[in-house]
Amino acid sequence: MEIRKSTGERIFDLANIIVLSLACLAVLLPIVHVFASSLSSTQALVHAKVSLWPVEFNLGNYAEIMHNDQFWRAFGVSTFVVVVGTLIALTVTVLMAYPLSKSYLRGRNAIMLMVVFTMIFYPPMIPLYLTVKSVGLMNTVWAMIIPAAMAQFNLLICLTFFRSLPEELYEAARMDGMSESRMVWRIAVPLSKPIMMTLGLFYAEFFWNNYSSSLLYVTKTAIRPLQLFMYYMIAKTDMNEMAGNITEHASTVSPQGLQMATIIIATIPIIIIYPFIQKHFIKGALVGSIKE
Amino acid sequence: MKRTFSATAPPSLLRFVWKHRALYLMLVPGVAYLLVFKFFPLLGSAIAFKDYNIYKGFWDSDWVGTKYFVQFFTYPQFTRLLRNTLVISLYQLLFSLPAPLILAVLLNELRNVAFKRSVQTVLYLPHFLSWVIIGGLGYMLLSPQTGLVNQWITQTGGSPIHFLQEPGYFRPIIVLSSIWKDMGWNAIIFLAALAGISPSLYEAAKIDGAGRWNQFKHITLPGLLPVIMLILLLKIGHVLDLGFEQINMFLNPITYETGDVLDTYSYREGILRGKYSLPTAIGLFKGVVGFILLIVANRASKATTGQGIF
Amino acid sequence: MNKKQWLSLLSATSLVLSVTACGNNNGNDGAASSSNASQPAASSAANSPAATPKIKLIVSDNSVPTPKADDLRLKYMEEKAGVDLDVEFLAHGTYLDQLKLKFASGEFPDVYQSWSGPDQDLVDAGKILPLNDLIEQYGPNLKKYIPQAAWDAVTLKGQILAIPQPADTQSGQVMFIRKDWLDKVGLPVPKTSDELLNVMRAFRDNDLNGNGQKDEIPYSMRENITWGDNIFGMWGISTAWTEYYYNNEVILGNIHPNILKGLEFLQTMNKEKLIDSEFLTNSRTTWEQKIKAGLVGIWDHAPNLVTQWNTDLQASVPDQKPEVIAIPTPRGNGYDGPLGTRWSPIGKTFILSNKASNPEAIIKYFDWLISDEGQMFTELGVEGDTYFKATSDGRITFDANKAKEVEWMNFSFRMHGYNAEATRIKLGNDAMFEKLNEAYTIANTEGYVNEAVGMPPIADEHNMTTMFRETAAKVILGAPISDYEKFMASWRKQGGDELVKERTDWYNENRK
């Protein structure tokens with residue numbers, strides 16, 4: 001049965017569209033500028049001529065980054081870190097969130113206290129470095145994964161959602177003889193699809209964009225992740241400028257342009273993957289569950 | 001919701017753990033991770049209490065007790081640092097926290113799926129820009145010499161405003177840039193929460209004749225409450241922890257008045273001078289204050305909304 | 001609970017983990033460019049039982065590409081100096097942090113590079129090797145080419161704690177001016193602060209970039225009151241990390257009475273719109289951009305960059321026919337002391353560990369690097385590869401296309417200061433070389449001693465950096481000068497006096 005919209009609702013819908021469109025514009029314009037800058041020549045940037053369209057269009061900045069064996073290698077390293085890291089992180093998170101969502105679990109509060117405590121007091125650089133080193137992770141890909149195996153914030157989000165799943169669901173399964181661990185993967189996770197997707201996205205984005213772990217723990221160029229590679233590339237171009245060296249590509253490659261290009265390159269994979277996740281943000285993921 | 005066992009006394013702790021060993025086993029990876037990579041290195045924070053000589057090593061450095069805390073507390077502008085930090089934090093709570101929530105709700109009300117999806121994708125893009133670039137963009141807008149806003153002002157007959165150099169504009173700039181950068185990305189978590197609300201609830205309400213506003217009040221909002229409270233509580237716990245990179249980007253000596261916060265002070269007088277004990281002391285101070293506030297807020301939240309972290 | 005017990009428990013667990021984890025073990029934590037050129041020792045010593053001394057060395061990569069392990073230049077170095085080098089290049093951006101972390105975890109190389117003497121902590125922990133005798137015996141070239149000021153900068157209580165590379169120039173900042181603008185307004189190079197004001201006014205009013213707009217910026221500097229030291233320098237003051245012996249006290253430049261003159265001058269500049277209105281917010285990129293866009297008339301920068309600025313401006317505003325030169329710091333009104341910026345006598349330093357197994361070989365190695373032969377090598381590379389000597393007149397030409405390949409040598413291994421001859425060859429452009437030489441001469445003749453060099457670093461500066469920046473900014477923007485005087489007094493009262501006393505005492509014990 002269709003219920004007719006009131007005038008109030010119609011106005012609201014229109015206003016909504018207008019407001020959101022304005023917000024989009026406010027976001028899109030600067031981003032287009034960044035994109036256009038990455039495609040402009042150094043002189044155009046120096047004279048601040050670029051607004052929304054590239055001036056003296058050239059792919060120099062991108063070529064500088066991508067025509068480099070190291071780029072593809074770093075890309076591969078990052079991909080590995082993202083895929084493996086996200087899988088590990090999601091697993092650890094889910095495994096920890098599930099028991100903590102049971103209000104009858106003894107010792108729950110103590111553990112929650114520890115989780116929040118470590119969120120607020122974070123370890124300083126040197127002790128953390130020594131820890132990572134003593135566990136034998138220095139200069140391995142794992143140094144970029146294990147020390148970030150679980151983000152407490154994501155744990156808390158996961159846990160909040162698991163809590164909202166009624167215990168009756170589990171009761172029924174328990175009576176059918178299902179084991180606790182089965183219930184995690186057969187009941188809790190599938191019913192929390194939007195959250196799983198979101199946490200997956202958060203972890204993936206973190207692993208993809210993170211370079212602070214590799215900055216200190218990775219000195220082998222062979223396992224440098226993409227962000228670190230691009231970071232050094234910018235530092236190198238900077239240094240060349242400061243040292244008074246004139247590089248052959250100075251007219252098309254500039255530290256500014258490079259910075260913009262690196263951001264665009266880093267963002268593209270996320271833009272590609274996001275639509276697949278968006279599908280799950282539709283109302284009604286909790287299909288076929290309890291009747292109110 | 002307690003499970004019932006025998007009608008007599010509750011089982012001892014050991015028996016409880018054994019009975020639910022599956023659950024406790026599941027906790028092991030996460031807890032081990034926290035212990036090794038978060039808890040254990042924290043003990044190293046004791047360097048705040050030492051004249052940490054990393055070559056003598058941890059155990060042999062001299063104890064100087066509270067020296068670094070004293071330096072920090074006796075800075076003549078200490079109260080200013082605290083005030084700036086708290087005020088900016090408060091502004092963020094008031095504006096930057098609701099913004100993604102409102103955005104998520106508005107997005108949720110859109111009928112056209114294609115429009116909804118594209119808007120969403122566009123809006124999270126700024127999250128990937130670094131603060132350095134955003135600082136540059138801010139400069140392009142607000143510079144008195146070449147900024148777009150000032151050009152518009154002079155064209156309409158006014159004289160240029162030095163936005164980046166007036167203490168009064170600093171805090172609004174911080175809040176607005178925060179919203180611009182992260183509103184879209186932070187909305188994602190709320191969108192996921194919204195997707196988790198059962199549609200049958202909405203249908204039932206429609207049948208009962210509830211309009212969209214009532215649906216929002218009685219279904220959407222309560223459905224979002226757990227996430228909202230979680231994020232709010234965590235923000236309270238991090239009340240003295242502002243985004244250092246962001247503030248530093250826009251800060252300059254003239255705006256210290258309204259913008260110099262604990263983290264920028266700590267960076268300038270500590271890290272830049274190679275002195276690690278000062279930043280650690282400040283970090284501890286922030287942590288203690290935040291933690292206490294969090295516990296208090298958690299109690300209050302449980303009492304009023306029934307939601308809490310523990 | 002006993003912390004040590006916890007520690008051992010956790011260590012035991014970690015050990016178990018590390019055995020099973022796919023970890024890398026210690027030893028050569030692989031820097032890609034670890035060059036273990038383990039060729040048989042140089043031919044002459046092929047049969048000698050004494051193996052070539054091995055040296056483990058850590059240097060910064062200075063953000064330039066690092067050589068592969070079999071780079072011929074590395075081998076050349078090893079041969080000439082008779083050593084077996086194990087070089088680890090660490091990324092420049094995190095160099096000092098990485099170094100600290102390595103030390104904290106117990107990894108100590110034979111010799112490492114820094115930019116000053118060793119950390120006081122290291123010295124206190126007895127990890128550093130004093131070099132006085134070794135240099136006497138094995139370092140004749142080092143003694144010849146390194147000036148006393150450089151040695152002093154790394155000497156503590158009479159002990160030489162590092163091998164210093166002398167800086168290219170004594171002072172590190174000079175004033176640059178658009179000579180073409182000066183010519184256009186028909187004014188001579190300013191020699192006093194008043195003349196400078198006139199030049200700046202002329203720059204402001206005469207549309208020198210020819211675009212019909214009054215957008216010229218006579219003088220520009222950068223955020224946090226940096227890169228403006230030649231203005232303060234007109235009265236002999238540098239505002240950061242600089243200390244003076246004045247009135248029987250050792251004080252920071254920020255509380256020296258002469259700083260008031262500089263602040264007043266800047267205040268005037270601000271009032272008359274002679275200084276970039278955004279000087280407080282100029283990031284490095286923005287500041288560079290304005291200069292390159294041909295908007296700025298005068299600015300301060302490092303002397304060696306004069307060639308770069310000329311090249312950049314010729315590329316960006318060729319129709320202005322730009323010419324950039326360095327000028328001596330003008331003399332401030334009513335002042336007759338030394339002008340310019342503080343002297344920093346050293347570039348990079350190399351520090352030896354107490355546990356180095358072949359300290360004599362290390363000293364001999366650096367001695368070779370600074371010898372005439374070594375100087376040519378680190379500047380130009382290997383003859384026949386990157387530079388060529390004409391057989392007819394002995395004239396040397398440098399292959400500029402290969403410049404990139406030898407950058408790392410210049411940055412990481414050059415031990416000498418300014419070698420005019422090599423620089424001229426490398427530039428390959430006599431006009432540019434003249435400008436460079438001029439700039440260097442200025443930087444070497446002006447300037448003054450910084451007492452802080454060689455003193456232990458200041459532990460607690462009582463928030464001087466923060467408070468100076470804030471007060472100075474306010475004064476320059478128009479607050480009365482008396483505000484700054486009040487600041488000077490209150491800083492001293494709130495603990496500054498203790499610092500001054502501390503530094504003066506040290507000075508009296510060690511320098512008088």
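This section describes chain contacts, a buried helix residue, a set of paired strands and two loop residues in a predicted model.

Chain B contains 15 helices and 0 strands. Of the 310 residues in chain B, 39% are buried. When contacts in chain B between residues at least 6 apart in sequence are considered, 67% of them join residues at least 24 apart.

Chain B touches both chain A and chain C. In the contact with chain A, 71 residues of chain B meet 73 residues of chain A. Helix α2 of chain B, residues 21-42, provides the largest share of the chain B side, with 17 residues. By class, this side of chain B consists of 49 nonpolar, 15 polar and 7 charged residues.

The contact between chain C and chain B involves 26 residues from chain C and 21 residues from chain B. On the chain C side, at least two residues each come from α3 (95-104), α4 (120-124) and α19 (464-476). The largest share, 6 residues, is that of α19(C). The side of chain C that touches chain B comprises 8 nonpolar, 8 polar and 10 charged residues.

Within chain A, A:Phe162 is placed in helix α7, which spans residues 152-163. A:Phe162 has 22 other C-beta atoms within 10 Å and is therefore buried, the threshold being 20 or more. Apart from its neighbours within four places in sequence, A:Phe162 is in contact with A:Ala97, A:Tyr98, A:Ser101, A:Ala188 and A:Ser192. A:Ser254 is separated from A:Phe162 by 92 residues in sequence, and the C-alpha to C-alpha distance between A:Phe162 and A:Ser254 is 49 Å.

In chain C, strand β1 covers residues 54-60, and 6 of its 7 residues are buried, so the strand is largely enclosed by the rest of the structure. Strand β1(C) pairs with strand β2 of chain C, residues 84-90, in the parallel sense over 7 bridges. The chain passes from β1(C) to β2(C) through helix α2 of chain C, residues 72-81, and the resulting β-α-β crossover is right-handed. A parallel arrangement also holds for β1(C) and strand β3 of chain C, residues 111-114, which are joined by 2 bridges. C:Ile58 has a partner in each of these two neighbouring strands: C:Glu88 stands opposite C:Ile58 in β2(C), and C:Tyr112 is the bridge partner of C:Ile58 in β3(C).

Two asparagine residues of chain C, C:Asn224 and C:Asn247, have positive phi values. For C:Asn224, phi is near 60°, a positive value in a residue other than glycine. C:Asn224 belongs to the loop between β8 (217-219) and α10 (229-232) of chain C. With 19 other C-beta atoms within 10 Å, C:Asn224 is classed as partly exposed, because a buried residue requires 20 or more. For C:Asn247, phi is near 55°, again a positive value in a residue other than glycine. The loop that holds C:Asn247 lies between β9 (243-246) and β10 (249-252) of chain C. C:Asn247 has 9 other C-beta atoms within 10 Å and is therefore exposed, the limit for that class being 12 or fewer.

Key: Residues numbered from 1 in each chain as written. Chains lettered and ligands numbered in written order. Predicted model: local features only at pLDDT ≥ 70, side-chain atom pairs only at ≥ 80, totals over all residues. Contact = placed C-beta atoms within 7 Å. Helix = DSSP H or I, 4+ residues; strand = E, 2+ residues; numbered from the N terminus. Nonpolar A, V, L, I, M, F, W, Y, C, P; charged D, E, K, R; others polar. Pairing = 2+ DSSP bridges. Right-handed = clockwise from strand over helix to strand, strands pointing away.
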